[in-house]
Amino acid sequence: MNSDLRPDTDGVLELLRQRGHRMTAQRRAIVLEIMSTRGHIVPADIAGRVQEKEPGVNASTVYRTVELLEEVGVLTHAHVERGPEYHHSGEHNHVHLVCSNCGSERSLPVGLLDEVKDEFAAATAFVPDFTHYAVRGLCEKCGGQRLKDGSKP
């Protein structure tokens, strides 16, 4: 593990090897790129960067590797407007906010929803995970406007 408690590239490769996965040059290049990425991990972006260095890497190999890294607990994902975005496990400490009108996006620290989460759980006996899906609503700019379909919020 490195100083920020995220497994390093070698540790992830060893974890995959221990679970019986082959360590091809392509998979090593993909894991290296993912582990060096900070913030949101978008598979299409990873594929583009890996293909610049390793032209033979197919985008489907990147997507399969991302899914594999999620299976073994290295990555987690959230559903946002553009599709799933991945994060290093333990770094998904924010909620995605998406404006239903203009499409703008921002993040909110998940801790700000602790009280709402507790109230929700008390009322429903169900504990929500606000980090898995984007929360849709209206941004400050669009708050008083009509939605694209003409309806009021």
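The following exercises, each with a worked solution, concern a predicted model.

Residues are numbered from 1 along each chain as its sequence is written, and side-chain values use heavy atoms, with hydrogens and water left out. Because the model is predicted, local features need pLDDT of at least 70 and side-chain atom pairs count only at pLDDT 80 or more, while totals for chains, interfaces and linings use all residues.

**Exercise 1.** Determine which residues are linked with Glu33 in a network of salt bridges, and where they lie.

*Solution.* Begin with the criterion, by which a salt bridge is a side-chain nitrogen of Lys or Arg within 4 Å of a carboxyl oxygen of Asp or Glu. The side chains of arginine 49 and glutamate 33 satisfy it at 2.6 Å, N to O. This pair links distant parts of the chain, arginine 49 being in helix 3 (residues 43-53) and glutamate 33 in helix 2 (residues 25-36), 16 residues apart; helices here are DSSP runs of H or I with at least four residues, and strands are runs of E with at least two, numbered from the N terminus. Next, glutamate 33 forms a salt bridge with lysine 53, whose closest N and O atoms are 2.6 Å apart. This second pair again joins helix 2 to helix 3, across 20 residues. Glu33, Arg49 and Lys53 are therefore linked in a network of salt bridges, each bridge being defined by the cut-off above.

**Exercise 2.** Classify the members of this network as buried, partly exposed or exposed.

*Solution.* The classes are buried under 20% relative accessible area, exposed over 50%, and partly exposed in between (1.4 Å probe, protein chains only). Glutamate 33, at 9% relative accessibility, counts as buried, whereas arginine 49, at 30%, counts as partly exposed, and lysine 53, at 58%, is exposed.

**Exercise 3.** Describe the surroundings of leucine 69.

*Solution.* First place the residue: leucine 69 lies in helix 4 (residues 59-71), and its relative accessible area of 0% means that it is buried. Then, taking contact as heavy atoms within 4.5 Å and leaving aside neighbours within four places in sequence, leucine 69 is in contact with Val12, Leu16, Val31, Ile34, Val74 and Leu75. Finally, the C-alpha atoms of leucine 69 and leucine 16 are separated by 8.4 Å, although the two residues are 53 apart along the chain.

**Exercise 4.** What is notable about the phi of alanine 125, and where is this residue found?

*Solution.* Most residues other than glycine have a negative phi. Alanine 125, which is not a glycine, has a positive phi of about 60 degrees. Alanine 125 is found in the loop between helix 5 and strand 5 (135-137), and with a relative accessible area of 74% alanine 125 is exposed.
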